Amino acid sequence: MHQKPSNTAPGRFPIGIIGGGFGALMAYAVLRFRGVSSQDIRIFSPDSSPEASWHAFVKNINQKTLRSESVAHFFPTDSPGLATYESLKNWSIKPLIYSWFDQYHPTVEFFVQHVRSVARATGFLRASTPCRVARIEKQGDSFHLFEEGSKQPCTIVRHLILAIGHGPITTPDPIAQYQAQYPYDTHVASAFSQKNIRPGATVIVIGDGLTAATEWMNILENGGKVIAVSMRGFTFNQPLNTPRRYFSTRGFIPYRTLPDAQRLQTLRDATKGTIPGYRYWNKMFAAAVKNETLQLIQGSLQEISQTEGRVRCMVQLPKNASLLPLEADYLISATGFAPVTTHPLLSQLIKQYNLETIDTVLKVDESFAISKLSSDHSLAFVIGPAAGWSLPCADSVGGMKITARTIADRLLGSETFQWREVAFKGRQWLRLMTRKELI
Amino acid sequence: MTLATLHGRIQTKLVSYIILALISIPFSLLFGGAIWNLFAIAIGIGLILETIWGFVIEHQPGWLTLLLAALEFSLITLGALLLNLPMPISHAAVYYFVSWAIIQLFFLYVFPVFRLNWADNGSEIWS
């Protein structure tokens, strides 16, 4: 154990993580658990805490529970699951029983507490440098990281982990045009922004995923009416954000053997917007469809205009030349995020080093390394949505955990059952459980 | 979430028999040497069942684990009856379910600490 990447000179770090969100925390936590010292890893991010930006998003859509299940947490080990943790904390067997039926979903507040506690136990914030890396250069067996406008590197790292999250929030063209025309109008908004929807209002919601469905719930619970519009149509009752099989080799090994075009299509299908089958939601949506307070329309938004303080849209229906006019008090865009390859840092790297992409997806190898940026002694990895080519569920806590463990194996070697390693891990786990900082 | 491969199921089952052998020692002192015959039947039936489950079950939630254990116990009991094992069913039930619970706790809470990617690898231990 204690297989650390070799020491480097002061101001240089063996491992640098760019990004300070969930992917960064997961990669950092796993490496720390495997014995890498906090002094050997540096995190570069302008964020003040790993959950900050995610928490702001879920607050704005009023999401109360996570879609993920018990095992989707930031402990480097699978054990204990959040259900066990919550059961012990609240001295209740209920979370465990729900978990046996895959019905356990942690609350946002419990999850945030958990994220903060793992960040504390791993020394995540201490290893963070408040800095926005704007440029990366590969020089020999190291990566030089530059801040915006700087000609001197702010630091040099040997191995790099890109944990940059998603691309920017997508805004369909008609919405962007409308917002440019009426910049102060509050009737058209992104789901992730703060909104002030009047109770009982009619709202057009563009999108087909968890965010859109959470907005439907908010509006219906407020006595309003929802007109849901999606270009691809709606897929209900999918428990996790990607099909479950992709969370183990059972699903992702066959996926990796597919020819490129088929693999891309499989990735698109696996990551499309879907709606979880929460019992309460299903009941509410079924009743709303019946009493016509929820209307589901498959079509694409073509145009938005203002009409007497209301929003008027034109929607193109599939296989139909005619446009469907819709009118509502508000319009919410919940179309998710742009591909990660549009992230400024990654798109610059792609151009600069001619990195391999297929459509809007970055090609990474099975250990989540970017081949063209990696050599025997200096590796560049991705974690989070950017790792989708190798793991369809990469954009989920469970997927990030698989990615982080694979990266750790590549950097530190595979795990063994040697007694020193077993004893070390046992000690680390006890420290984690007793909220002491990892060694 | 348990998404084991066929290899993962068999490898994990084989490791569980090491634990079962250890548990069988105090039970054999308590209930007699017939426990070792039951242990042998459990190995045979367990491996056959895991091979079948490897083909037919993709995801195994907690409730299904419980159901499969009940089925496995029924088949082991049937095997013991067919072989005229000199042991009351109550003893076999205590032996099976105590061992099952210990093995479950081991694989849920202990083993994943020492093999981080065990579940990711479809429960494969040697991969």
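Start with the crossing of H1(A) and H5(A), which is left-handed in this predicted model. To see the pair, select residues 22-33 of chain A for helix H1 and residues 108-122 of chain A for helix H5; their axes come within 10 Å and cross at roughly 45°. That angle falls outside the ranges for roughly parallel, roughly antiparallel and roughly perpendicular pairs, so H1(A) is oblique to H5(A).

Now show the side chains at the contact. From H1(A), pick Leu25(A), Tyr28(A), Ala29(A) and Arg32(A). Facing them from H5(A) are Val115(A), Val118(A), Ala119(A) and Thr122(A). Coloured by character, the residues of this contact divide into six nonpolar, one polar and one charged.

**Next stop: a sheet in chain A**

Stay in chain A and switch to a cartoon view. Here you will find an open sheet of five strands, in the order S7-S14-S8-S9-S10, with parallel pairing. Which strands stand at the edges? Select 188-190 for S7 and 294-298 for S10 of chain A: each has a single partner strand, so one side of each is left without a neighbour in the sheet. As you move across the sheet, look for the twist, which averages 20° from one strand to the next.

Zoom in on the S7 edge. S7(A) pairs in the parallel sense with strand S14 of chain A, residues 330-333, over three bridges. For a landmark, label Ser190(A), which stands opposite Ser333(A) in S14(A).

**Then a helix pair in chain B**

Move to chain B and select residues 6-31, helix H1, together with residues 34-56, helix H2. Their axes are 10 Å apart, and the two helices pack at an angle of about 165°. Because an angle over 145 degrees counts as roughly antiparallel, H1(B) is roughly antiparallel to H2(B). The crossing of H1(B) and H2(B) is right-handed. In this contact, the residues divide into 16 nonpolar, five polar and three charged.

**Last stop: where the chains meet**

Finally, show both chains together. How many residues of each chain are in contact with the other? On chain A there are 26, and on chain B there are 20. On the chain A side, highlight helices H4 (94-100), H8 (249-256), H12 (397-412) and H13 (419-433), the elements that give two or more residues. H13(A) provides the largest share of that side, four residues. Colour the chain A side by character to finish: its residues divide into 10 nonpolar, seven polar and nine charged.

Terms used. Residues are numbered from 1 along each chain as its sequence is written. Chains are lettered from A and ligands numbered from 1 in the order in which they are written. This is a predicted model: local features need pLDDT of at least 70, side-chain atom pairs count only at pLDDT 80 or more; totals for chains, interfaces and linings use all residues. Axes are lines fitted to C-alpha atoms, for helices over the stretch in contact, and angles run from 0 to 180 degrees between N-to-C directions. Angles under 35 degrees count as roughly parallel, over 145 as roughly antiparallel, 65 to 115 as roughly perpendicular and the rest as oblique. A crossing is left-handed if the near helix is turned anticlockwise from the far one by less than a right angle, and right-handed if clockwise. Ala, Val, Leu, Ile, Met, Phe, Trp, Tyr, Cys and Pro count as nonpolar, Asp, Glu, Lys and Arg as charged, and the others, Gly among them, as polar. Two strands pair if DSSP finds at least two bridges between them. Two residues are in contact if their C-beta atoms, placed from the backbone, lie within 7 Å.
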